[in-house]
Amino acid sequence: MTDMPPKKSRKTGDSESGDLLPPDDVLFGRSAAMQGLRERAEKVCGTNISVFLTGDAGTGKEVLARWIHQHSPARHGAFVKVNCAAIPGALLESELFGYEKGAFTGALISKPGRVELAVNGTLFLDDIADLDLSLQSKLLQFLQDGHFSRIGGETERGVETRLICASKKDLEQEIATGRFRADLYYRINVVCLRLPRLHKRREDIPVLAEYFRKQYENEFRKESAPLAPEMLHYLRNLDWPGNLRELSNGIARYVLIGPETAIISEPSKRGTSAAPASRDETSAVPLKRIAKEAILNMERAVILETLRANQWNRRKTAQSLKISYRALIYKIRNAGLTRGRSEPDMASPANLASHSSAN
Ligand SMILES: Nc1ncnc2c1ncn2[C@@H]1O[C@H](COP(=O)(O)OP(=O)(O)OP(=O)(O)O)[C@@H](O)[C@H]1O
Ligand SMILES: [Mg+2]
């Protein structure tokens, strides 16, 4: 492995467009779910109609928003992202619509809002469900006639922009509980594109994993070995509650720290279909959990290597590792270790039972 000085992050800033997007064959992959989505997305590109992107966290809503921008007439303008969940309500209004000098204490100069910055471009309102009700009214007014005024401003301003909104929350449910205006929903949701969860597009996982690996090699200036076929096979079968973000983060760990098993995080290993952790939960990782995960990952890597060295003969592997056969079977099952695609899945419960006396 070659270590090189770290390179600037590949993450794009808020108002940058999608020049760092994955190539189309990676972005859409080959799965039926994504092919259908691509067809619909291509149809909206030639128009300026409002698009609503929905899907669980980490499924690629922002990536698709940038792709649509790049392929639509709005690409000549800026791609301006506003994260409605990240900016507190009071600030969000001035962020979106701007303010005039003297509009409030501290408004020493006039400032255009993001709506104005998105003129002839794309305004991407992410996590729109978190927009508070008073701002929903102001946004609705703007969407109805393209006019708004800055905070503290007298003049009405007109802006032409393409609107893309995204939400991981179910907006119809938000409407039912009174947290979202139905009229705004119908205005933003002219065409709805639903991003599939990663486990609904398993066949795309190997291509995505390889794409992320190359990206992180480039970002960290560090080489890594291509993933073994059995690892790719294993990754295809995980549940991925955190979707593409979880896979991407796992590959980052692998490229930076290794081993291959570092790709697998606890939620996926459990194979639950539990709701993905929120961004805050994923960023605040307790040290104890990291240490436990690191130990488990190392253990998995050692077991996998020893199994391979012993042609997956589990009795010999248990002897080499100086643990009981039963303990090894338990660990294999717990770590979800499987053989390559061409070989029988020795870790599946059925095989473990039928092979338990074979090796
Ligand atoms: N189709 C794709 N091809 C390659 N990488 C992708 C694709 N979709 C998403 N990614 C990567 O997965 C990660 C999550 O994507 P993105 O931020 O677009 O998800 P999201 O749906 O907006 O998530 P959230 O709801 O949490 O904001 C990013 O690192 C992104 O680069
Ligand atoms: Mg997003």
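## Starting at K331

Leaving out neighbours within four places in sequence, K331 is in contact with E299, I303 and I323. You'll find K331 in helix α16. Is K331 buried or exposed, or partly exposed? With a relative accessibility of 25%, K331 counts as partly exposed, because the buried class takes only values under 20%.

One more residue helps to place K331. Its C-alpha atom and that of R300 are separated by 8.1 Å, although the two residues are 31 positions apart along the chain.

## The whole chain

Time to step back. What you're looking at is a predicted model. The protein chain has 17 helices and nine strands. Of its 359 residues, 48% are buried.

Take the contacts in the chain with a separation of 6 or more: 74% of them come from residues 24 or more positions apart. K331 and R300, 31 residues apart along the chain, give you a feel for that kind of spacing.

## The five-stranded sheet

How are the strands of the open sheet ordered? Five strands line up as β2-β5-β8-β1-β9, with parallel pairing. β2 (79–83) and β9 (191–194) each have a single partner strand, so they stand at the edges and one side of each is left without a neighbour in the sheet. From one strand to the next, the twist averages 20°.

Now for the pairings. Strand β1 (residues 51–54) and β8 run parallel and are joined by four bridges, and V51 stands opposite I164 of β8. Strand β5 (residues 122–126) also pairs with β8 in the parallel sense, over four bridges; here L125 sits opposite C165. Four bridges join β1 to β9 as well, again running parallel, and C192 in β9 is the bridge partner of F52.

## A closer look at β8

Strand β8 covers residues 162–167, and how many of its six residues are buried? Six of the six are, so the strand is mostly covered, by the cut-off of under 20% relative accessible area.

In a regular strand, the side chains alternate between the two faces of the sheet. You can follow the two sets in β8: R162, I164 and A166 point one way, L163, C165 and S167 point the other way, and all are buried.

## Around the sheet: α3, A74 and E174

Helix α3 (residues 61–70) lies across β1, β2, β5, β8 and β9, and runs at about 155° to β1. The loop between α3 and β2 holds A74. A74 has a relative accessible area of 4%, which means that this residue is buried. Which residues does A74 touch, not counting those up to four places away in sequence? They are H69, N120, G121, T122 and R162. G121 is 47 residues from A74 along the chain, yet the C-alpha atoms of the two are separated by 4.3 Å.

E174 is another residue to look up, this time in helix α7 (residues 171–176). Its relative accessibility is 8%, so E174 counts as buried. Setting aside neighbours within four places in sequence, E174 is in contact with A129, K169, R179 and F180.

## Helix α15 and its partner α16

Helix α15 spans residues 314–321, and its buried residues are R314, T317 and A318. Why are these three on the same side of α15? They cover an arc of only 100° around the axis, which puts them there. At the N-terminal end, N313 caps α15, with a side-chain oxygen 3.0 Å from the backbone nitrogen of R315. After α15 comes K322, whose phi is positive, near 60°.

Two packed helices are described by the angle between their axes and the distance between the axes. For α15 and α16 (residues 325–335), the angle is about 105° and the axes are 9 Å apart. The two helices are therefore roughly perpendicular to each other. On the α15 side, the contact is made by R314, R315, T317, A318 and L321; on the α16 side, by Y325, L328, I329 and I332. That brings you back to the helix of K331.

Note on methods
Residues numbered from 1 in each chain as written. Chains lettered and ligands numbered in written order. Predicted model: local features only at pLDDT ≥ 70, side-chain atom pairs only at ≥ 80, totals over all residues. Heavy atoms only, no water. Buried < 20%, exposed > 50% of the residue type's maximum accessible area, 1.4 Å probe, protein only. Arc of directions from axis to C-beta. Polar contact = N/O pair within 3.5 Å; in protein donor to acceptor, adjacent residues only side chain to side chain. Pairing = 2+ DSSP bridges. Contact = heavy atoms within 4.5 Å. Axes fitted to C-alpha atoms, helices over the stretch in contact; angles between N-to-C directions. Parallel < 35°, antiparallel > 145°, perpendicular 65-115°, else oblique.
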